[in-house]
Amino acid sequence: MGSPTGDTGLAVPGGGAAAPVLRRETLLVLALSLGASAVSALISFTGSLTAPGGLADQAARLNSSRAPDRPWLDLAWQLFGIATALVPVALVAHLLFREGAGGLRAVGCDLRRPAFDVSRGAVVAAGIGGTGLLLYLGARAAGANLTVVPENLPDVWWKIPVLIASAVQNSLVEEVIVVGYLLRRLDGLGWSPTAALAASAVLRGTYHLYQGIGGLLGNMAMGVIFVLLYRRWGRVGPLVAAHALIDIVAFVGYALLAGRVDWLPTG
C-alpha cells in the first residue's frame, strides 16, 4: 500500500510541476460534489443540535416528493435531480480522459468484469448492510442520530424505479469521487496511503453527518473498508455494486415496510 500508484497497478499523474494543478482540480471537483455536501451536512447537523428536542425527535428525509399532487411534474423533478447529481462523475470521466488514463476505466468503473463486481459487491453489501442497520438503530436509541426517512414519495407507478435509480446514482457519485478519483489524485500528490485513507473516510463520514453521529461514524467505518478493498482490487466496480445494493434495500425496504413493522422508526 505504499507506492504512489496506490498498489492498484494504475498509473497516476503527479510530479512537482503538476502538483498545484492537481490540487486545484481536486478541490474544484469536491467543491462541486461531495465536499459541498460535507459542508451542507455540517450546517444541517448544527441546526439539528441547536433545535428544540433531541436528535431522535427530528427527521432526515431522503428521496422526498417535489410535487406531491402532480405525479408527472414530480417525476420530472426526480429525474432532473438524479441526472444533475451525476454531472460531477461525468466531469471526473472527462478529466481522466484528458489525462490519457482512459476515463473511468482508470478507476475500475466499467463493464469489463461484471461478474466480479456484482459478486463481490453482494458479499460486501450483505456484511455492511446488516451491521449498518444495527448501528443506526442503536445510535437513534441513544439519542445520537436523527430518524432517517429513506423515502417519502407518493404511491405512484414510478416510485420503485426512481428509488432504484437514486440508489445507483448515489453509489456512482460516492465511489467514483470519494474513492477512485480522490485516492488517485492524493496518490499523485504524494500523500501516504494512510493519510489518503483517512481523508477519504472522514469526507464520507462528514457528508453523512446530517443523519447524526451514527451516520458520521458508521460511514467513516464503511469508508475505511471501501478504501482497503479498492487498494486490494484496483476497481471501484464492486464498491459501486455494494453501495447500490445497500441503498436499494434501504429505500425500497422502507417503502414496503414503513408503518408495517414495529422495529423500523418512521418520521
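**Why these labels? Aromatic pairs, salt bridges and burial**

Reader: How many aromatic pairs does the count come to?

Author: The count comes to 3 aromatic pairs. The model is a predicted one. Ring centres must lie within 6.5 Å to qualify.

Reader: What makes Trp72 and Trp157 a tilted pair?

Author: Two values do. The ring centres of Trp72 and Trp157 are 5.8 Å apart, and the planes make 55 degrees. The distance passes the 6.5 Å limit. The angle is neither under 30 degrees, as for stacked rings, nor over 60, as for edge-to-face rings, so the pair is called tilted.

Reader: How do you know that this pair links distant parts of the chain?

Author: By sequence separation. Trp72 sits in helix α3, residues 71-85. Trp157 sits in the loop between β2 and α6. They are 85 residues apart.

Reader: Why does Trp72 count as exposed?

Author: Its relative accessibility is 61%. Exposed means over 50%, so Trp72 qualifies. Trp157 also has a relative accessible area of 61%, so it too is exposed.

Reader: Why are Trp77 and Phe80 called edge-to-face?

Author: Their planes stand at 80 degrees, with the centres 5.9 Å apart. Edge-to-face needs over 60 degrees, so the label fits. Both residues lie in helix α3, 3 residues apart, which means about one helical turn between them.

Reader: Buried, partly exposed or exposed: where does Trp77 fall?

Author: Partly exposed, at 34%. That value lies between the 20% and 50% cut-offs. Phe80, at 49%, counts as partly exposed too.

Reader: Now the charges. How many salt bridges does the search of the whole structure find?

Author: The search finds 11. One of them joins Arg184 and Glu99.

Reader: What makes Arg184 and Glu99 a salt bridge?

Author: Their closest N and O atoms are 2.6 Å apart. The limit is 4 Å, so the pair qualifies. Arg184 is in helix α6, while Glu99 is in the loop between α4 and α5.

Reader: Why does Arg184 count as buried?

Author: It has 6% relative accessibility. Buried means under 20%, so Arg184 is buried. Glu99, at 28%, is partly exposed.

Reader: What is the N to O distance between Arg185 and Glu99?

Author: It is 2.8 Å, so this pair also meets the 4 Å limit. Arg185 and Glu99 are 86 residues apart in sequence. Arg185 is buried because its relative accessible area is 1%.

Reader: What makes Glu175 and Arg204 a tie between parts of the chain?

Author: Their side chains meet in a salt bridge at 2.7 Å, N to O. Glu175 lies in helix α6 and Arg204 in helix α7, so the bridge ties together parts 29 residues apart in sequence. Both residues are buried.

Reader: Which residues do salt bridges with shared partners join into one network?

Author: Glu25, Glu99, Arg184 and Arg185.

Reader: Why does Leu133 count as partly exposed?

Author: Its relative accessible area is 34%. That is over 30%, so Leu133 clears the patch cut-off. With Leu256, Leu257 and Trp263, Leu133 makes a nonpolar surface patch of about 380 Å². Leu133 belongs to helix α5.

Reader: Last one: the whole fold. How many helices and strands does the protein have?

Author: It has 9 helices and 2 strands.

Reader: How do you know that it is as compact as a globular protein of that length?

Author: The radius of gyration is 19 Å. The globule rule gives 18 Å for 267 residues. The two values are close, so the protein is as compact as a globular protein of that length.

Definitions and conventions. Residues are numbered from 1 along each chain as its sequence is written. This is a predicted model: local features need pLDDT of at least 70, side-chain atom pairs count only at pLDDT 80 or more; totals for chains, interfaces and linings use all residues. Side-chain values use heavy atoms; hydrogens and water are left out. Patches are made of residues with over 30% relative accessible area and no salt bridge: like charges are joined within 9 Å, nonpolar side chains (Val, Leu, Ile, Met, Phe, Trp, Tyr) within 5 Å. Accessible areas come from the Shrake-Rupley method with a 1.4 Å probe; for residues, only the protein chains shown count as cover. Helices (H or I, at least four residues) and strands (E, at least two) are DSSP runs, numbered from the N terminus. Buried means under 20% relative accessible area, exposed over 50%, partly exposed in between (1.4 Å probe, protein chains only). The radius of gyration is taken over C-alpha atoms; the globule rule is 2.2 Å times the number of residues to the power 0.38. Rings of Phe, Tyr and Trp (its six-membered ring) pair if their centres lie within 6.5 Å; planes under 30 degrees apart count as stacked, over 60 as edge-to-face and the rest as tilted.
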